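Reader: Please take a close look at one helix and its surroundings. I would like its packing partners, the ligand site it touches, and any unusual backbone geometry.

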Amino acid sequence: MSHGSATLIDGVAVAKAVRDDLQREVAELAERGIVPGLTVVLVGDDPASAVYVRSKEKTSKELGMKGETVRLPADTPQAELEALIDRLNADPTVHGILVQSPLPKHMDENTIVRRIDPAKDVDGFHPVNVGKLLIGEKDGFAPCTPAGVQELLVRYGVDTSGKDAVIIGRSNIVGKPMAALLVQQGAGANCTVTICHSRTKDLAAHTRRADIVIAAIGKPEVITGDMLRPGAVVIDVGINRVNDASAPKGYRLVGDVHFESASAVASHITPVPGGVGPMTIAMLLKNTVRAARQAGK
Ligand code: NAD
């Protein structure tokens with residue numbers, strides 16, 4: 001596939017570089033008797049969640065961390081999950097706790113997220129961490145996907161200071177925390193931020209004046225090249241399945257950005273797959289290593 005003159009932002013390579021740094025940091029911590037521990041809790045047997053969870057456990061172990069998965073049946077009472085979280089909160093060998101989403105329908109995700117000790121909430125969804133992110137307090141945890149986007153911008157040397165960043169999507173997982181990260185002072189930030197969403201009047205008018213476009217919409221190929229300013233940096237968070245009879249599985253993955261047309265005008269662009277996707281687990285482990293360092297035990 002052609003990508004014009006745009007630089008392809010390689011999330012596979014950056015995720016590996018992040019993991020390599022972490023591996024060194026984990027070795028240093030080991031000398032002080034600290035082994036960062038991540039416990040992932042999986043309730044039920046959603047097949048996509050099972051894949052994510054296996055990959056999180058495997059990657060933590062590869063880095064020399066303690067990676068553990070607790071699997072609970074789909075009909076587990078909420079009180080039992082809460083009791084498990086209480087035990088993990090109290091366990092000094094567990095530095096990061098992640099309860100895999102989605103939870104079964106009878107459980108209330110908001111209550112569960114609030115049960116996790118904010119110091120171990122490496123997903124960054126506890127209101128304390130959401131607040132710390134907005135305030136700019138560095139000891140909190142930012143959600144992994146937008147943190148991964150910022151890491152890509154930093155590692156590719158994208159100058160973000162004073163730039164117009166337009167984020168499309170206002171979810172609590174991607175859009176809103178992305179805006180909170182980019183508006184802060186610091187590396188990979190200092191942006192003038194606009195958040196667009198499903199009620200935005202004229203999306204193209206916003207994207208056309210953006211230096212940095214971050215698409216987190218969840219709809220295939222909404223952002224086309226004619227909606228971009230030449231030289232824009234384009235980050236595509238979307239992962240969408242589209243039917244494709246010629247593909248072995250009968251579908252292929254595309255982003256929220258129309259890659260062919262966008263890459264002809266962009267200065268930098270992330271592919272899907274292989275852009276933002278690989279960064280999420282790397283950032284989760286980065287948060288866990290920092291949680292261990294901050295706990296100091
Ligand atoms: P979401 O459905 O919660 O939010 C989508 C947002 O897009 C909403 O805020 C909505 O207002 C906005 N939107 C929808 N249609 C629009 C339109 N036509 N114009 C402008 N805005 C529109 O989704 P999410 O959880 O934020 O995820 C977004 C995408 O990112 C999905 O494709 C998801 O699969 C992907 N994602 C990838 C990763 C990863 O790479 N690791 C992680 C999380 C999400």
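**Helix α10 and its surroundings**

Author: Start with a proline. Proline 102 sits in the loop between β4 (96–99) and α4 (109–115). The model is predicted. In it, a cis peptide bond links serine 101 to proline 102, with omega about 0°. A second cis bond leads us to the helix you asked about. It joins valine 272 and proline 273, with omega about -5°. Proline 273 belongs to the loop between β11 (268–269) and α10.

Helix α10 covers residues 279–295. Take its contact with α6 (residues 144–155). The two axes come within 8 Å and cross at roughly 100°. An angle of 65 to 115 degrees counts as roughly perpendicular, so α6 is roughly perpendicular to α10. On the α6 side, the contact is made by Cys144, Thr145, Ala147, Gly148, Glu151 and Leu152. On the α10 side stand Met279, Thr280, Met283, Leu284, Lys286 and Asn287. By class, this contact has six nonpolar, four polar and two charged residues.

Now the contact with α2 (residues 47–62). Here the axes of α2 and α10 come within 10 Å and cross at roughly 50°. That angle makes α2 oblique to α10. The crossing is right-handed. Tyr52, Ser55, Lys56, Thr59 and Ser60 of α2 meet Ile281, Leu284 and Leu285 of α10. By class, the α2 contact with α10 counts four nonpolar, three polar and one charged residues. Leu284 appears in the contact with α2 and also in the contact with α6.

Next, the ligand. Around it are 19 residues. Those that come nearest are Arg170, Ser171, Ser198, Lys219 and Thr280. Thr280 also takes part in the α6 contact, from the α10 side. Three of these residues place polar atoms by the ligand. Serine 171 has a polar side-chain atom 2.6 Å from a ligand oxygen atom. Lysine 219 has a polar side-chain atom 2.9 Å from a ligand nitrogen atom. Serine 198 uses its backbone instead: an N or O atom there lies 3.0 Å from an oxygen atom of the ligand.

One more backbone point, away from the helix contacts. Asparagine 190 is not a glycine, yet its phi is positive, about 60°. Asparagine 190 lies in the loop between α7 (175–183) and β6 (192–196). Why single out such places? Most residues other than glycine have a negative phi, and most peptide bonds are trans.

Definitions and conventions: Residues numbered from 1 in each chain as written. Predicted model: local features only at pLDDT ≥ 70, side-chain atom pairs only at ≥ 80, totals over all residues. Heavy atoms only, no water. Axes fitted to C-alpha atoms, helices over the stretch in contact; angles between N-to-C directions. Helix = DSSP H or I, 4+ residues; strand = E, 2+ residues; numbered from the N terminus. Parallel < 35°, antiparallel > 145°, perpendicular 65-115°, else oblique. Left-handed = near helix turned anticlockwise from the far one by under 90°. Contact = heavy atoms within 4.5 Å. Nonpolar A, V, L, I, M, F, W, Y, C, P; charged D, E, K, R; others polar. Near = heavy atom within 4 Å. Polar contact = N/O pair within 3.5 Å; in protein donor to acceptor, adjacent residues only side chain to side chain.
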